[in-house]
Amino acid sequence: MLEPLVRQNLPRLQYFYDRAPAPARHLLTSARGWVLTRLRYSRETFAILGDLREHESWNAAQIADHQLQGLRQTLSHAFSSVPFYADYPRVKLRSFEDLRTLPVIDRETILDNQDRFLSRAVPANQRIRAGTTGTTGASLRVAYSESLARYNWAFLLRQWAWANIEPRQPRITLQGARIVPMNRSEPPYWTYNVPERQVLMSIFHLSKKTAAAYLDFLCRHRGQVLEGFPSVLGILADFAIEAGIRIPMRVVFTSGEPLYPQVRAKIEAAFQAHTFDTYGMTEYCGLIQQCERGQMHLAPEYGFLEILDDIGNPTEPGEEGHLVWTGFLNDAMPLIRYRIGDRGRWQDGPLCSCGRAFPLVVPTITRESDTLYCPDGRLFSARALNQLLKRATSFRCCQFVHDRPSRVVVRAVARGLTQNGHTADDLMQIRSDLQNLLGAGIQVTAELGAEPIIRSGGKIPLIVEKAARP
Ligand SMILES: [Zn+2]
């Protein structure tokens, strides 16, 4: 039960971590890695992985059986232990259609009832808490258990197997952790997690000035697994392409935000490797993973997916609708018919040539954002700045508006009709965090707006880049 404790204390640990010298940071990263390794490479995880690999030969009827059983178990667990579902009708599931007698919930529903979604069957000290920001920059606090963390890792390892990668292969990761102090202006911009044979590279230090150091490090680790947020790997790919070099990596895994076709193309060109994308979410109620033939498969053991039109009816294959998930694995916070805010469609046509009968889903790429270009050459992807919003729960939406070269405005829209002290606190905290991140060369201000800045097509960009590029 170490992971709930570590997660709970991460902000405090970050303070000491940021003040430690580089060798001590490697040690601390490895200590954190050791805790995660015990979950990720446990006997239970490999037992789950063994089962998951067997499921790859399931036919459609076996998949449907498993999903109906998963729904029954989830409903039974949720009805008996989660306060929010106390008033739900006790529906008996004979078929998938019976599920449709239950209401669809959305992000707002969870925001308004945060603690009532927690299962009483999972003790508080076994809950791992995390923040998620979704597509609009409105943060949600979620909970999960160590059991879910093992499942998650087993699903990741199954996709590694599709890519022909054994567990524990050396990998380089560019995700959200703040592993190098913000004010650092010379290498290393990375740290070592020795137990997992992993290098974590900072996503907050990418700049024209640091590009050579990043590229040089990657060159020295060519042939390894590369994983990260698509926009961040896209920036690295640009660096490589501009420098006229190619760095062959073994394979690339992307997750955490949409992978645009043009970003995939430059990542694959720069790193000369096949890219495997994943659609998941911190609410942990569903998973879609790309196979070696490039198709996006629903993981049928993870959750049940409905794709519904605006009035709640199932869409036809090929027709876009709202993704509505019922997760099977997150016993700490079960979500039933959760409309997450993303859209997608069932893929029409024959089964995938990989041979797996797992349904094919195409998530729609809805989030669109600019990159923040600082006057001193630093670049921040939307996914990097998104990290700042994870603890702020009082906004309906939050955006970063770069309106002059030396100024960024944190622009939030409060939830509900009236703002309160909580909104102001959240706004000031984000302003201060962003100021620390950007440094003294850029002034950060904050304001509340009535409505988010919306682009044509209804897209709400996290970063609005209005200043001219340096
Ligand atoms: Zn496939």
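**Exercise 1. Decide whether Tyr85 and Phe117 are buried or exposed, then describe how their rings meet.**

Step 1. In this predicted model, both Tyr85 and Phe117 are buried.

Step 2. Look at the rings. The centres of Tyr85 and Phe117 are 5.8 Å apart, and the planes stand at 85°. Planes over 60 degrees apart count as edge-to-face. The pair of Tyr85 and Phe117 is therefore edge-to-face.

Step 3. Place the residues along the chain. Tyr85 is in the loop between α5 (60–81) and β1 (105–106). Phe117 is in the loop between α6 (107–112) and β2 (128–132). The pair therefore ties together parts that are 32 residues apart in sequence.

**Exercise 2. Classify the ring pair of Phe79 and Tyr88, and find the cluster around it.**

Step 1. Start with the total: the structure has 20 aromatic pairs.

Step 2. One of these is Phe79 with Tyr88, with ring centres 6.3 Å apart and planes at 55°. Stacked needs under 30 degrees and edge-to-face needs over 60. The angle of 55° fits neither, so the pair of Phe79 and Tyr88 is tilted.

Step 3. Check burial. The cut-off for buried is under 20% relative accessible area. Phe79 has 12%, so Phe79 is buried. Tyr88 has 9%, so Tyr88 is buried too.

Step 4. Collect the members. Phe79, Phe84, Tyr85, Tyr88 and Phe117 form one aromatic cluster.

**Exercise 3. Find which charged residues sit over the rings of Tyr15 and Tyr41.**

Step 1. Take Tyr15. Arg19 lies over its face, 3.7 Å from the ring centre.

Step 2. Take Tyr41. The charged end of Arg168 sits over this ring, at 4.2 Å from the centre.

**Exercise 4. List the donors of the zinc ion and name the geometry of its site.**

Step 1. Find the donors. They are Cys291 (SG), His297 (NE2), Cys352 (SG) and Cys354 (SG), at 2.1 to 2.3 Å from the zinc ion.

Step 2. Check the angles. The 4 donor atoms give angles of 102 to 121°. Tetrahedral requires all angles to lie between 85 and 135 degrees. The site of the zinc ion is therefore tetrahedral.

Step 3. Read the spacing along the chain: C-x5-H-x54-C-x1-C.

Step 4. Locate two of the donors. Cys291 lies in the loop between β10 (288–290) and β11 (296–298), and Cys354 in the loop between β14 (338–346) and β15 (361–363). Parts 63 residues apart in sequence are therefore tied together by this pair.

Step 5. Check one donor for burial. Cys291 has 0% relative accessibility, so Cys291 is buried.

**Exercise 5. Compare the span of helix α7 with its expected value, and decide how enclosed α7 is.**

Step 1. Count the residues. α7 covers residues 146–162, which is 17 residues.

Step 2. Compare the spans. From first C-alpha to last, α7 reaches 25 Å, close to the 24 Å expected at 1.5 Å a residue.

Step 3. Weigh the burial. Of the 17 residues in α7, 13 are buried, so the helix is largely enclosed by the rest of the structure.

Step 4. See what follows. Asn164 comes after α7 and has a positive phi, near 65°.

**Exercise 6. Work out which way the residues of strand β12 point, and how β12 pairs with β13.**

Step 1. Check the cover. β12 (residues 303–308) is mostly covered, with 6 of its 6 residues buried.

Step 2. Sort the sides. Gly303, Leu305 and Ile307 point one way. Phe304, Glu306 and Leu308 point the other way.

Step 3. Add the partner. β13 (residues 321–327) pairs with β12 in the antiparallel sense, over 6 bridges. Leu308 stands opposite His322 in β13.

**Exercise 7. Pick out the unusual backbone at Pro188, Arg197 and Arg337.**

Step 1. Recall the rule. Most residues other than glycine have a negative phi, and most peptide bonds are trans.

Step 2. Examine Pro188. The peptide bond from Pro187 to Pro188 is cis, with omega near 5°. Pro188 lies in the loop between β4 (171–174) and β5 (190–193).

Step 3. Examine Arg197. Its phi is positive, near 55°. Arg197 has a relative accessible area of 47%, so Arg197 is partly exposed.

Step 4. Examine Arg337. Its phi is also positive, about 55°. Arg337 lies in the loop between β13 and β14. At 3% relative accessibility, Arg337 is buried.

Technical notes
Residues are numbered from 1 along each chain as its sequence is written. This is a predicted model: local features need pLDDT of at least 70, side-chain atom pairs count only at pLDDT 80 or more; totals for chains, interfaces and linings use all residues. Side-chain values use heavy atoms; hydrogens and water are left out. Donors are N, O and S atoms within 2.8 Å of the metal (3.2 Å for Na, K and Ca); water is not among the atoms, so sites may look incomplete. Four donors count as tetrahedral if all angles lie between 85 and 135 degrees; four count as square planar and six as octahedral if opposite donors are over 155 degrees apart and all others between 65 and 115; anything else is irregular. Helices (H or I, at least four residues) and strands (E, at least two) are DSSP runs, numbered from the N terminus. Buried means under 20% relative accessible area, exposed over 50%, partly exposed in between (1.4 Å probe, protein chains only). The expected span of a helix is 1.5 Å times one less than its number of residues. Rings of Phe, Tyr and Trp (its six-membered ring) pair if their centres lie within 6.5 Å; planes under 30 degrees apart count as stacked, over 60 as edge-to-face and the rest as tilted. A charge sits over a ring if NZ of Lys or CZ of Arg is within 6 Å of the ring centre and within 35 degrees of the ring normal. Two strands pair if DSSP finds at least two bridges between them.
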